[in-house]
Amino acid sequence: MAELNPIELQKALKGADYPASRDDLVELAKNNGADSSLVQKLTQSGSERFDGPNEVQKAVFDNE
């Protein structure tokens, strides 16, 4: 499994409109061809809603 990084997260969430729900971002990431491990991390993030990409990055990478 490739190491997750912020660039991959940005690619996965390309086109996201914020604020966004976690479920919407997970669906967008899947549609953008995100790696399954990134989708899993996003799914398991603690927040239900994100106001911007920095919040998503913090939720995904601060829990590693």
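Leaving aside its neighbours within four places in sequence, with which residues is S45 in contact? The legends below take up this question and then turn to other parts of the model, which is predicted.

**View 1. The surroundings of S45, a buried residue in the loop between helix 3 and strand 2.** Once the neighbours within four places in sequence are set aside, the residues in contact with S45 are R22, F50 and A59. The relative accessible area of S45 is 3%, and because the threshold for a buried residue is under 20%, S45 is classed as buried. A polar atom of the S45 side chain lies 2.8 Å from the backbone oxygen of L42.

**View 2. The salt bridge between R22 and E48.** The closest N and O atoms of R22 and E48 are 2.8 Å apart. This pair links distant parts of the chain, with R22 placed in helix 2 and E48 in the loop between helix 3 and strand 2, 26 residues apart. The two partners differ in their exposure to the surroundings: R22 counts as buried at 15% relative accessibility, whereas E48, at 54%, counts as exposed. R22 also appears in the first view, being one of the residues in contact with S45.

**View 3. The salt bridge between E8 and K11 in helix 1.** Here the closest N and O atoms are 3.8 Å apart. E8 and K11 are separated by about one helical turn, because they stand three residues apart in helix 1. E8 is partly exposed, with a relative accessible area of 37%, while K11 counts as exposed at 51% relative accessibility. As a general matter, side chains of opposite charge can pair when their charged atoms come close.

**View 4. Helix 4 and what covers its buried residues.** Helix 4 comprises residues 53-61, and its buried residues are V56, A59, V60 and F61. The elements that cover these buried residues include helix 1 (6-12), helix 2 (22-31), helix 3 (36-43) and strand 2 (49-50). One of the buried residues, A59, is also in contact with S45.

**View 5. K58, an exposed residue of helix 4.** K58 has a relative accessibility of 54% and therefore counts as exposed. The side chain of K58 meets that of D62 in a salt bridge, with an N to O distance of 3.3 Å, and both D62 and K58 are exposed. Although K58 and P6 are 52 residues apart in sequence, their C-alpha atoms are 9.7 Å apart in space. A search of the whole structure finds four salt bridges, among them this pair.

**View 6. The cis peptide bond between Y18 and P19.** The bond joining Y18 and P19 has an omega of about 0°, and P19 is placed in the loop between helix 1 and strand 1 (20-21). In general, most peptide bonds are trans.

**View 7. The protein chain as a whole, with four helices and two strands.** Read along the sequence, these elements follow the pattern α-β-α-α-β-α. The radius of gyration is 10 Å, close to the 11 Å that the globule rule gives for 64 residues, so the chain is as compact as a globular protein of that length. Along its principal axes, the C-alpha trace spans about 30 × 25 × 15 Å. Buried residues account for 34% of the 64 residues, and the chain exposes about 4,300 Å², of which carbon and sulfur atoms supply 44%. Among contacts between residues at least 6 apart in sequence, 53% join residues at least 24 apart.

Technical notes:
Residues are numbered from 1 along each chain as its sequence is written. This is a predicted model: local features need pLDDT of at least 70, side-chain atom pairs count only at pLDDT 80 or more; totals for chains, interfaces and linings use all residues. Side-chain values use heavy atoms; hydrogens and water are left out. Buried means under 20% relative accessible area, exposed over 50%, partly exposed in between (1.4 Å probe, protein chains only). Contact means heavy atoms within 4.5 Å. A polar contact is a pair of N or O atoms within 3.5 Å; within protein, one must be able to donate a hydrogen and the other to accept it, and residues adjacent in sequence count only if both atoms are side-chain atoms. The radius of gyration is taken over C-alpha atoms; the globule rule is 2.2 Å times the number of residues to the power 0.38. Accessible areas come from the Shrake-Rupley method with a 1.4 Å probe; for residues, only the protein chains shown count as cover.
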